[in-house]
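Here is a guided look at one protein chain, from its overall make-up down to a few individual residues. Keep the 3D view open while you read and try to find each spot as it comes up.

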Amino acid sequence: MPPPSKPGERQKLFKNQDKDTESLRQRRNEVSVVLRKAKREEALQKRRLVPNTPEDDEKYNKFMDASLQMIVENAAHGDPATRLSAVQAARKLLSKDRHPPIDELIKSGILPILVECLQFDDNASLQFEAAWALTNIASGSSAQTQAVVHAGAVAHFMRLLESKHQNVCEQAVWALGNIIGDGPVLRDFVIRHGVVAPLLTFIDPNVPLTFLRNVTWVIVNLCRNKEPPPPMETIQQLLPALGVLIHHNDLDILVDSVWALSYLTDCGNDHIQAVLQVGVVPKLVSFLTHTEIRLQTAALRAVGNIVTGTDEQTQSVLNNGALGQFPSLLSHQKEKIRKV
């Protein structure tokens, strides 16, 4: 939200007198348009998994130089070892850093084969490679993501959330995150498949940090989009988890948690009230002066949304000392912060 530059404007920010609901919504919409243009916003919605160590991913594979048709045929009909090699070859094609041949692989007919591979519970390596390949396909355009959904992958990813193999489970989380990130239609489709409850079981001290970061990112995607917003029942499930994550000591988890809260508070007064009831306002206000710009920006967005609510909701922010933070924010060295 643009910061006030004059005392009168500052008062208007915190008081809703002479402002109807439509004008307040319009202001939030204008801010949303600006923020959606940010590269970070685009990167958050979908993520493609590219190996961190390319040299380790270049181990010999007999299908390394094979045609796409040969890869597909062997992925469908080969013996277990051959099938694994073929699926891995397809996954490697999709893990290219630039211009992965997603459309070519979809047209080859490999999608139902990869989905079938998710069902091989006696071959976790095959499940993992197939899930990875599908994750990267779902990281593409909306049409490419929908192709994964139409192939029936969601139900199988849901089942893999209960896999005893952590890498398989985490890859299923990642894939579902890409599908949810496509927009409200697929978000709600995955919600109807019951994704929230199993997802929240991974918010656990014993879950590795990288896994927890992925889980938090998926929660962000579940909170994203307000036309329509996620079902209130889903929000009520997610908010206690966000109330825990906002106290985590990992910066990436903090940033994502606050962005999730900012999306929810952008959906109207009922959603703002639901967020307030979790007791996160003191933490949000404290982040306004955090040294990390990403966290400051997300906190400013969340707090800015809250103060467009009712007088009581605005007062909850003021009661936690937010007003005293704004002079330093308005003179912040980063223009990005001054504009929010």
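Of the 340 residues in the protein chain, 52% count as buried. Keep in mind that this is a predicted model. What is the secondary structure made of? The chain has 23 helices and zero strands. As for who touches whom, take the contacts with a separation of 6 or more: 71% of them come from residues 24 or more positions apart.

**Two helices side by side**

Start with helix H9 (residues 124-138) and helix H12 (residues 166-180). Their axes come within 9 Å and cross at roughly 20°. Angles under 35 degrees count as roughly parallel, so H9 and H12 are roughly parallel to each other. Their crossing is left-handed.

Which residues make this contact? On the H9 side you'll find Ala-124, Gln-127, Phe-128, Ala-131, Trp-132, Thr-135 and Ala-138, and they meet Asn-167, Val-168, Gln-171, Trp-174, Ala-175, Asn-178 and Ile-179 of H12. Sorted by class, that gives nine nonpolar residues, five polar ones and no charged ones.

Let's zoom in on one of them. Gln-127 sits in helix H9. Is Gln-127 buried or exposed? With a relative accessible area of 1%, Gln-127 is buried, because buried means under 20%. If you skip the neighbours within four places in sequence, Gln-127 is in contact with Cys-117, Leu-118, Gln-119, Phe-120, Asp-121, Arg-159, Leu-160 and Val-168. Now look across to Gln-171: the two glutamines are 44 residues apart in sequence, and their C-alpha atoms are 9.4 Å apart in space.

Follow the chain on to Ser-139, which is found in the loop between H9 and helix H10 (142-150). Ser-139 is in a loop, yet it is buried, with a relative accessible area of 16%. Leaving out neighbours within four places in sequence, Ser-139 is in contact with Lys-46, Arg-47, Arg-48 and Asn-178. Asn-178 may ring a bell, as it is one of the H12 residues in the contact with H9. Ser-139 and Asp-182 are 43 residues apart along the chain, and 8.7 Å separates their C-alpha atoms.

**A second helix pair**

Next up are helix H15 (residues 209-223) and helix H16 (residues 232-245). They pack at an angle of about 135°, with their axes 12 Å apart. That angle makes H15 oblique to H16. The crossing is left-handed here too. From H15, Leu-212, Thr-216, Ile-219, Leu-222 and Cys-223 meet Leu-238, Leu-242 and Leu-245 of H16. By class, the contact has seven nonpolar residues, one polar and no charged ones.

**Some unusual backbone spots**

Most residues other than glycine have a negative phi, and most peptide bonds are trans. With that in mind, check the loop between H15 and H16, which holds Pro-228. What kind of peptide bond joins Glu-227 and Pro-228? It is a cis bond, with omega at about 0°. Asn-225 lies in this loop between H15 and H16 as well. Asn-225 has a positive phi, near 75°, and is not a glycine. Asn-225 is partly exposed, at 28% relative accessible area.

Another positive phi turns up at His-99, at about 50°, again in a residue that is not a glycine. You'll find His-99 in the loop between helix H6 (80-94) and helix H7 (102-107). Its relative accessibility is 72%, so His-99 counts as exposed.

**A pair of rings**

How many aromatic pairs does the structure hold? There are three. One of them is formed by Phe-202 and Phe-211, with 5.0 Å centre to centre and 35° between the planes, which makes the pair tilted. Both rings belong to buried residues: Phe-202 has a relative accessible area of 10%, and Phe-211 has 3%.

To wrap up, here are the residues from this tour with their accessibility in one place.

| Residue | Relative accessible area | Class |
|---|---|---|
| Gln-127 | 1% | buried |
| Phe-211 | 3% | buried |
| Phe-202 | 10% | buried |
| Ser-139 | 16% | buried |
| Asn-225 | 28% | partly exposed |
| His-99 | 72% | exposed |

Terms used. Residues are numbered from 1 along each chain as its sequence is written. This is a predicted model: local features need pLDDT of at least 70, side-chain atom pairs count only at pLDDT 80 or more; totals for chains, interfaces and linings use all residues. Side-chain values use heavy atoms; hydrogens and water are left out. Axes are lines fitted to C-alpha atoms, for helices over the stretch in contact, and angles run from 0 to 180 degrees between N-to-C directions. Helices (H or I, at least four residues) and strands (E, at least two) are DSSP runs, numbered from the N terminus. Angles under 35 degrees count as roughly parallel, over 145 as roughly antiparallel, 65 to 115 as roughly perpendicular and the rest as oblique. A crossing is left-handed if the near helix is turned anticlockwise from the far one by less than a right angle, and right-handed if clockwise. Contact means heavy atoms within 4.5 Å. Ala, Val, Leu, Ile, Met, Phe, Trp, Tyr, Cys and Pro count as nonpolar, Asp, Glu, Lys and Arg as charged, and the others, Gly among them, as polar. Rings of Phe, Tyr and Trp (its six-membered ring) pair if their centres lie within 6.5 Å; planes under 30 degrees apart count as stacked, over 60 as edge-to-face and the rest as tilted. Buried means under 20% relative accessible area, exposed over 50%, partly exposed in between (1.4 Å probe, protein chains only).
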